[in-house]
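Hello,

Here is the structure I promised to pass on to you. Please have it open while you read, and my notes follow just below it.

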Amino acid sequence: MELENAKKIIKKATEKLNLPKQILNILLNTEREVKVNFPVQMDDGTQKIFTGYRIQHNSLLGPYKGGIRYHPEVNLDEVSALSIWMTIKTATLNLPFGGAKGGVICNPKELSEQELENLTRAFIKKISSIIGPQKDIPAPDVYTSSKIMDTIVNEYSKIENIPIEKARAVVTGKSIENGGSLGRNTATARGGQFVLKQAIEQTKIIPTLENATVAIQGVGNAGGNFAKLIIKDNAKIIAISDSKSAIYNPEGLNINEVLEHKKQTGSLPNASNTTDITNEQLLELDCDILVPAALANQITEKNANQIKAKIILELANGPTTPEADKILENKNKLILPDILANAGGVTVSYYEWYQNINQEKWTAEKVDEKLKEKMQKATQEILDKKTKYQTTTRVAAYINAIERLAKKINRKN
Ligand code: NAD
């Protein structure tokens, strides 16, 4: 399903650009699909076989780049779709990277720390020949952390027999002590904030972020950090949710209090001055900006007609279905698509890799300034393409990325 959706948008964008079929074929096919089965030492002394994938979609613009996820439902179709998205996302931001994705079928909640480490080392041994600082650079994704990235560096340095300092650029999203970049933890939210501000300035769809009403689905790394950032712009967050519930106050939530309450109690309800609503109600609230920052397929043909927000900032991956996209565009909503809105993470990953390769250590201010420049430029380009090609923002984002890739293909032929 996800793979089909990604392919459909690529087809639409190449049609708009009148590109030859060869280019479409290159973009629709992955360059390499690796499936590995490997034994892992378990705590009870037994060995269990796990299956993992690394899919390298495209390397026209540079080494492959993309996360590794640990999840029971990892499968070839999903990992392939995600690898295509990475090619488009890195090209959207004009980063010198291609696209890849990986995953291991496992339930990390059922594995001990030691078993997780064993699994990571065993997986990396199997794929070490196809990854590397100039070949393919993995990163964290669902249920993989900076600790796991640090383990990958350690294992890779052993396999390649190179010092840790030389091995660091093989992955991004590492701990700061092990070569991670300042600003990486908040990069997705910060990138989304830059995109939103640029889009408001350019389209004037609402006068300013100040006093704009905002509803946020998800209070994790993306949603929670985004909430903390935009209150500094005096935006009014009227609702926020987690997997179990949503809270609402039309006069604006006290976000610091709400986040503290969530930290203390583990849940959102009963934070002071708030009313409980459902996640479905949150999506349909009367507000200026809706920020899906949790799961895919949240805005569908069933609820799209009820969405009242003027701007939809997709911090989550794939929160809007293609059917809902059409409905929202017909209602002149401004959708800031995932491949742009949540690309702050991969952009700071690039800065991390760059610092590792060049033995540099940037300040948080420098990272922030560079991120701002990149996100503003990409937003500007995409909104310009939307006008030029009279299309949706999502297709305009794909057009922007595919133009860059097509130029490279033409130069090679
Ligand atoms: P996270 O695990 O930190 O947070 C996820 C949040 O979603 C939590 O608040 C959780 O309670 C909430 N949630 C889960 N199920 C829900 C449900 N049914 N209804 C409402 N809320 C629900 O994850 P994250 O890193 O913040 O990622 C969120 C989304 O952003 C994902 O789609 C992810 O792919 C995307 N994203 C994240 C990053 C990043 O750097 N963190 C980068 C790009 C894209």
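How many nonpolar, polar and charged residues does the shell around the ligand have? Sorted by class, there are seven nonpolar, nine polar and two charged residues in that shell. Before I go further, please keep in mind that this is a predicted model.

**The ligand**

The ligand has 18 residues around it, and those that come nearest are Thr188, Val219, Asn221, Ala222 and Ser243. Three backbone approaches to ligand oxygen are worth a look on your screen. At Ala222, a polar backbone atom is 2.8 Å from an oxygen atom of the ligand. For Ser243, the distance from a polar backbone atom to a ligand oxygen is 3.0 Å. With Leu315, a polar backbone atom and an oxygen atom of the ligand are 3.3 Å apart. The ligand taken alone exposes 820 Å², and the protein buries 68% of that.

**Helix α8 and the loop after it**

Ala222 and Asn221, both named above, fall in the range of α8, which covers residues 221-230. Asn225 is found in this helix too. Is Asn225 buried or exposed? Its relative accessible area is 14%, so Asn225 counts as buried. Beyond its neighbours within four places in sequence, Asn225 is in contact with Asn185, Thr186, Ala189 and Gly220.

Asp233 sits in the loop between α8 and β7 (236-241). With a relative accessible area of 18%, Asp233 falls under the 20% limit and therefore counts as buried. Its side chain makes a polar contact of 2.7 Å with the side chain of Gln193. Gln193 also appears among the contacts of Asp233 once neighbours within four places in sequence are set aside, together with Lys197, Leu209 and Glu210.

**Helix α3 and what follows**

α3 (76-92) is a helix of 17 residues that reaches 24 Å from its first C-alpha to its last, close to the 24 Å expected at 1.5 Å a residue. Because 15 of those 17 residues are buried, α3 is largely enclosed by the rest of the structure. What caps the N-terminal end of α3? Asn75 does, with a side-chain oxygen 3.1 Å from the backbone nitrogen of Asp77.

Just after α3 comes Asn94, with a positive phi of about 55 degrees. Asn94 is placed in the loop between α3 and β4. Its relative accessibility is 40%, which means that Asn94 counts as partly exposed.

**Two further asparagines with positive phi**

Asn161 has a phi near 55 degrees, a positive value in a residue other than glycine. The loop that holds Asn161 runs between α5 and α6 (164-167). At 71% relative accessibility, Asn161 is over the 50% limit and so counts as exposed.

Asn332 follows α11, and its phi is positive, near 60 degrees. Helix α11 itself covers residues 322-330, and its buried residues are Ala324, Asp325, Ile327, Leu328 and Glu329.

**Helix α4**

α4 (residues 113-127) has 15 residues, and its reach from first C-alpha to last is 21 Å, close to the 21 Å expected at 1.5 Å a residue. Buried residues in α4 include Leu116, Leu119, Phe123, Ile124 and Ile127, and also Glu115 and Arg121. Which elements do the buried residues of α4 pack against? They pack against the strands β1 (32-41), β2 (47-58), β3 (64-71) and β4 (99-105), and against the helix α5 (146-160).

**Ile311**

Last on my list is Ile311, found in strand β11 (residues 311-313). Ile311 has a relative accessible area of 0% and is therefore buried. Leaving out residues up to four places away in sequence, Ile311 touches Leu196, Ile200, Ile205, Ile206, Asp288, Ile289, Leu290, Leu334 and Leu336. To get a sense of distance across the model, try Ile311 and Asn58: they are 253 residues apart in sequence and 32 Å apart in space, C-alpha to C-alpha.

Happy browsing, and best wishes!

How values were computed. Residues are numbered from 1 along each chain as its sequence is written. This is a predicted model: local features need pLDDT of at least 70, side-chain atom pairs count only at pLDDT 80 or more; totals for chains, interfaces and linings use all residues. Side-chain values use heavy atoms; hydrogens and water are left out. A residue is near a molecule or strand if one of its heavy atoms lies within 4 Å of it. A polar contact is a pair of N or O atoms within 3.5 Å; within protein, one must be able to donate a hydrogen and the other to accept it, and residues adjacent in sequence count only if both atoms are side-chain atoms. Accessible areas come from the Shrake-Rupley method with a 1.4 Å probe; for residues, only the protein chains shown count as cover. Ala, Val, Leu, Ile, Met, Phe, Trp, Tyr, Cys and Pro count as nonpolar, Asp, Glu, Lys and Arg as charged, and the others, Gly among them, as polar. Helices (H or I, at least four residues) and strands (E, at least two) are DSSP runs, numbered from the N terminus. The expected span of a helix is 1.5 Å times one less than its number of residues. Buried means under 20% relative accessible area, exposed over 50%, partly exposed in between (1.4 Å probe, protein chains only). Contact means heavy atoms within 4.5 Å.
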